[in-house]
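Q: Hi! I'm new to this one, could you walk me through it?

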Amino acid sequence: MSEPAWPDEVFAVLREADIQQVGYVPDAGHARLIARAHAEPSMRAVVLTTEEEGIALATGAWLGGARAVLLMQSSGVGNCINMLSLAANCRTPLLLLVTMRGEWGEFNPWQVPMARATEQVLRAAGVLVHRADHAGEVAEMVRAAAALAFASREAVAVLFSQRLIGAKVFVAAGEKL
Amino acid sequence: MSEALDRRAVVATLLAGRDDLLVVSGLGSATYDVAAAGDRTENFYLWGAMGGAAMVGLGLALAQPTRRVLVITGDGEMLMGMGGLATIGASQAENLSIVVLDNRSFGETGAQASHTAHGTDLALVAAGCGWRETRRVADQAGLVGLAAALRTRALFAVVEIAPGEKPRVLPPRHGALLAARFRAALGISDP
């Protein structure tokens, strides 16, 4: 199976948007983007111990005149809630790229509750939410989200649906779930 | 044994003449202490986002590599963001220092004993997270040495301070104002 093109397209959009800091919690869905960010001299990739660190990182980056993006899984959204008050109070832009687990064909039931809550939690905390379901719309959606975040100074999340990314495979093909 | 250090005097000593320093303060007493040392636009005060001060400092330090950044926070705020010590340790940022004002209690909420009263040594935690230089300061001589060291290099320090609340000195608490004036002080245009 060939690698999908959209992670490289997203990376190109982040370069266009002059993103200089990439905070991330390791995630298979973002693996390509993380590797590209580490290899890019104009970007600083920062591995986080928990997603909320990334909200604070992005706030500090903006204070210093730089733009940041945060990469996380849906399970990490819940870790960010109180820290999102930084963006709400300070009108600091925030761009979150969230890969969804726990929805399309999920094997691991522990991923499902946070997946069910992800979009509502983000909206409740004041984050604008876009959702990408198809490879062809991802780059355009991230470009629009970056513009909305940095030009209008909003907190914006793009959810990459699990259908887009592909459900994580836990058992061999043909084996009963 | 010398007299325990006074938090206001500690912060005033650390910030005296430090016009070039970018300062981030953690919520609660540390924010009041930094305000008491004199409000300036290069101070970014947190009034919430508990656990976020150190990581705001990291984002700022990476964005402004030619400036020195100092995070001043309390033991409770640092405990909540302890993972950030690993993130910052891994980043090896050369221009970010953290000073934890350690009164071994959660002063803002009724002086309940914090984890540092029960054995957590945040300087050891930072050292274990890869911070190259860490120190504990418990007297005036140590404080003067710390103030001098902060001018030259990145380090993590725990300053043992006397317990007890001070009269509150309240800086502006409108986050958008604080962020806008901070960026303006750095000459960042905000079209």
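A: Happy to; we'll talk about the contact between the chains and then a sheet, and please keep in mind that this is a predicted model.

Q: How many residues does each chain bring to the contact?
A: Chain B brings 29 residues and chain A brings 26 residues.

Q: And what area is buried between chain B and chain A?
A: About 2,000 Å², with carbon and sulfur atoms giving 66% of that.

Q: How many salt bridges are there between chain B and chain A?
A: The count is zero. There are, however, nine residue pairs in polar contact across the interface of chain B and chain A, with both residues at pLDDT 80 or more.

Q: Which helix of chain B gives the most to the side that touches chain A?
A: That's α3(B), with seven residues. On that side of chain B, at least two residues each come from α3 (53-63), α5 (83-91) and α8 (175-185). By class, the side of chain B touching chain A has 17 nonpolar, ten polar and two charged residues.

Q: New topic: what's the strand order in the sheet of chain A?
A: β2-β1-β3-β4-β6-β5, an open sheet of six strands with parallel pairing.

Q: Why do β2 and β5 of chain A each have one side without a neighbour in the sheet?
A: Because β2 (44-47) and β5 (128-132) of chain A stand at the edges, each with a single partner strand.

Q: How much twist is there from one strand to the next?
A: The average is 20 degrees.

Q: What lies across β1, β3, β4, β5 and β6 of chain A?
A: Helix α7 (residues 135-152) of chain A does, running at about 170 degrees to β5(A).

Note on methods
Residues are numbered from 1 along each chain as its sequence is written. Chains are lettered from A and ligands numbered from 1 in the order in which they are written. This is a predicted model: local features need pLDDT of at least 70, side-chain atom pairs count only at pLDDT 80 or more; totals for chains, interfaces and linings use all residues. Side-chain values use heavy atoms; hydrogens and water are left out. Contact means heavy atoms within 4.5 Å. Buried area is the accessible area (1.4 Å probe) that two parts lose on being put together, summed over both. A salt bridge is a side-chain nitrogen of Lys or Arg within 4 Å of a carboxyl oxygen of Asp or Glu. A polar contact is a pair of N or O atoms within 3.5 Å; within protein, one must be able to donate a hydrogen and the other to accept it, and residues adjacent in sequence count only if both atoms are side-chain atoms. Helices (H or I, at least four residues) and strands (E, at least two) are DSSP runs, numbered from the N terminus. Ala, Val, Leu, Ile, Met, Phe, Trp, Tyr, Cys and Pro count as nonpolar, Asp, Glu, Lys and Arg as charged, and the others, Gly among them, as polar. Two strands pair if DSSP finds at least two bridges between them. Axes are lines fitted to C-alpha atoms, for helices over the stretch in contact, and angles run from 0 to 180 degrees between N-to-C directions.
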